[in-house]
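The following exercises ask the student to reason from a structure to its salt bridges and its helices. Each task is followed by a worked solution.

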Amino acid sequence: LISRLAFGARLDVLPLCEIPFVKAKRARALYRCGFRTVEEVARAEAGELARQLGPALGPKPKEMAVKVIRQAQGVLRKQIIEREAEIAELTAQRDPPITAP
């Protein structure tokens with residue numbers, strides 16, 4: 001709820017609001033164009049994203065599309081790093097280190 005209030009977005013577009021430069025209005029535009037996840041935005045081609053979103057990206061849609069895609073990729077990288085840290089922590093808890101006598 002707090003995230004939703006902070007972004008002013010409905011629940012269906014909230015994951016897209018994790019991308020820097022994407023607030024509720026732009027997230028809604030992405031969603032309407034078929035981009036439902038950060039991963040889908042990260043895989044998009046800048047020209048296609050700019051073509052589909054047009055004015056929702058501002059006066060320079062191609063440049064903003066590149067920024068949004070790069071930021072989406074950064075969000076995914078951060079999520080991967082966090083998951084790897086969680087896995088390492090869980091593995092360490094499950095398999096304590098073996099000490100020599």
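**Exercise 1.** Determine how far apart the closest N and O atoms of Glu-48 and Arg-51 are, and classify the exposure of each residue.

*Solution.* In this predicted model, the closest N and O atoms of the pair are 2.6 Å apart. A salt bridge requires a distance within 4 Å, so Glu-48 and Arg-51 form one. Both residues lie in helix H4, three residues apart, which is about one turn of the helix. Residues three or four places apart point the same way, because an α-helix has 3.6 residues a turn. For exposure, the upper cut-off is 50%. Glu-48, with a relative accessible area of 33%, is partly exposed, whereas Arg-51, at 59%, is exposed.

**Exercise 2.** Where in the chain do the partners Arg-28 and Asp-12 lie, and is each buried or partly exposed?

*Solution.* Their side chains meet in a salt bridge of 2.8 Å, N to O. This pair links distant parts of the chain: Arg-28 belongs to helix H2, Asp-12 to the loop between H1 and H2, and 16 residues separate them. Buried means under 20% relative accessible area. Arg-28, at 18%, therefore counts as buried; Asp-12, at 29%, counts as partly exposed.

**Exercise 3.** Compare the expected span of helix H5 (residues 61-94) with the distance between its end C-alpha atoms.

*Solution.* The helix has 34 residues, and at 1.5 Å a residue it should span 50 Å. The end C-alpha atoms are 49 Å apart, which agrees. Buried residues of H5 include Met-64, Val-68 and Val-75, and the buried residues of this helix pack against H2, H3 and H4.

Note on methods. Residues are numbered from 1 along each chain as its sequence is written. This is a predicted model: local features need pLDDT of at least 70, side-chain atom pairs count only at pLDDT 80 or more; totals for chains, interfaces and linings use all residues. Side-chain values use heavy atoms; hydrogens and water are left out. Helices (H or I, at least four residues) and strands (E, at least two) are DSSP runs, numbered from the N terminus. The expected span of a helix is 1.5 Å times one less than its number of residues. Buried means under 20% relative accessible area, exposed over 50%, partly exposed in between (1.4 Å probe, protein chains only). Contact means heavy atoms within 4.5 Å.
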